[in-house]
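Please look through the sequence and the model shown here, and then follow the explanation below, which goes from one part of the chain to another.

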Amino acid sequence: MTNRLGGPLVGALVGFAAAALGAVFLTGGFDPVTLAVGAGSVLVAAIVAVLTGRSIAPAPASSPAPASPPVSGVPFTPAPSGPIPVQQLQGPAQAAQAMSDRNALVEACIWMRDRATSPALAQHLDGAFAKVGVAQVDATGQRFDPSVHEAGGVVAAGSPAEDGIIARTEQIGYTDRGRLLRHPIVTVYRGQVRA
């Protein structure tokens with residue numbers, strides 16, 4: 001543990017200044033109550049950091065520990081200890097963040113595509129979807145499958161062969177690289193028309 005007061009104190013002062021500016025801008029003028037509420041958590045964190053004397057600075061390197069006497073002729077070398085290299089932590093975290101960002105963008109584009117009134121905009125979004133592996137699911141003419149389709153309504157079938165077939169797709173569904181993002185909402189043929 002290192003005892004450095006500079007880091008926590010500077011951080012507390014910067015946080016306090018940011019809270020004060022935020023309070024002034026949000027309330028439209030200086031308000032001591034808003035300032036106190038906004039800066040309270042920053043002050044508590046700074047006081048705890050100062051009292052515990054904790055810092056995120058790495059401990060200074062010390063001389064290596066003496067090696068233990070060899071057991072059965074194999075010398076013992078201690079495993080390296082210390083902080084995990086940042087590069088090891090960044091790979092999976094960055095991949096997860098990239099996937100989360102991609103999913104949010106795809107959902108936003110689907111929302112825009114549903115509301116696009118311009119054929120040019122709709123065509124542009126469809127082209128962008130195709131480039132990144134997002135496909136539309138139009139289930140018209142397929143057999144209804146509740147695990148893939150969502151029934152929005154039923155219509156009378158003209159013949160027994162039409163029973164259970166999707167008459168039309170009310171809202172297009174989407175898949176992302178084979179994973180179903182949104183079920184298509186469909187109208188299904190049921191029963192038979194009687195003459």
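This is a predicted model, and a convenient place to enter it is a pair of strands: strand S4, which covers residues 173-176, and strand S5, which covers residues 179-182, pair in the antiparallel sense over three bridges. Within this pairing, Tyr 174 has Arg 182 of S5 as its bridge partner. The two strands form a hairpin with two residues between them, and in that turn Arg 177 has a positive phi of about 55°.

Tyr 174 also leads from the hairpin to the nonpolar core, because the largest such core of the model is made up of Val 106, Ile 110, Phe 129, Val 134 and Tyr 174, and a residue is counted as buried when its relative accessible area is under 20%. In soluble globular proteins, nonpolar side chains tend to be buried together. What does Val 106 contact, leaving aside its neighbours within four places in sequence? The contacts of Val 106 are with Phe 129, Val 134 and Leu 181, and of these Phe 129 and Val 134 are themselves members of the core.

A second group of strands forms an open sheet, with three strands in the order S2-S6-S3 and with mixed pairing. The edge strands are S2, at residues 150-156, and S3, at residues 166-171, each of which pairs on one side only. From one strand to the next, the twist averages 25°. Strands of a sheet pair through backbone hydrogen bonds, either parallel or antiparallel. For S3 and strand S6, the latter at residues 185-190, the pairing is antiparallel and runs over four bridges, and here Ile 166 stands opposite Val 188 in S6.

Charged side chains give another way of following the chain. Side chains of opposite charge can pair when their charged atoms come close. The structure holds six salt bridges, and one of them joins the side chains of Asp 126 and Arg 113, at 2.8 Å from N to O. This pair links distant parts of the chain, since Asp 126 belongs to helix H4 (residues 119-132) and Arg 113 to helix H3 (residues 86-115), with their positions 13 residues apart in the numbering. Asp 126 counts as partly exposed because its relative accessibility is 25%, a value that lies between the limits of 20% for buried and 50% for exposed.

Helix H3 is also reached from the hairpin, through a salt bridge in which the side chains of Arg 182 and Asp 114 meet at 2.5 Å, N to O. Because Arg 182 lies in strand S5 and Asp 114 in helix H3, this pair ties together parts that are 68 residues apart in sequence. Asp 114, with a relative accessibility of 34%, counts as partly exposed.

A further salt bridge, between the side chains of Asp 163 and Arg 190, has an N to O distance of 3.8 Å. Asp 163 lies in the loop between S2 and S3 and Arg 190 in strand S6, so that the pair ties together parts 27 residues apart in sequence. Both partners are partly exposed, Asp 163 with a relative accessible area of 33% and Arg 190 with one of 40%. Elsewhere, salt bridges that share partners join Arg 102, Asp 176 and Arg 179 into one network.

Two further residues help to connect these parts. Gln 136 lies in strand S1, at residues 134-137, and counts as partly exposed because its relative accessibility is 35%. Not counting residues up to four places away in sequence, Gln 136 touches Arg 113, Asp 126, Ile 172, Gly 173 and Tyr 174; the first two of these names are the salt-bridge partners described above. Gln 136 and Ile 172 are 36 residues apart in sequence, and their C-alpha atoms are 6.4 Å apart in space.

Is Gly 173, in strand S4, buried or exposed? Gly 173 counts as buried, because its relative accessibility is 0%. Beyond four places in sequence, Gly 173 touches Ala 135, Gln 136, Val 137, Arg 182, His 183 and Pro 184, while its C-alpha atom is 8.4 Å from that of His 149, a residue 24 places away in sequence.

Confidence should be kept in mind throughout, for the mean pLDDT of the protein is 75, and 52% of its residues reach 70 or more. Over residues 1-5 the pLDDT stays under 50, and the model has 15 contacts for them beyond four places in sequence. Where pLDDT is low, the predicted coordinates should not be read in detail.

Conventions
Residues numbered from 1 in each chain as written. Predicted model: local features only at pLDDT ≥ 70, side-chain atom pairs only at ≥ 80, totals over all residues. Heavy atoms only, no water. Pairing = 2+ DSSP bridges. Core = buried A, V, L, I, M, F, W, Y, C linked by side-chain atoms within 4.5 Å. Buried < 20%, exposed > 50% of the residue type's maximum accessible area, 1.4 Å probe, protein only. Contact = heavy atoms within 4.5 Å. Axes fitted to C-alpha atoms, helices over the stretch in contact; angles between N-to-C directions. pLDDT = per-residue confidence, 0-100. Salt bridge = Lys/Arg side-chain N within 4 Å of Asp/Glu carboxyl O.
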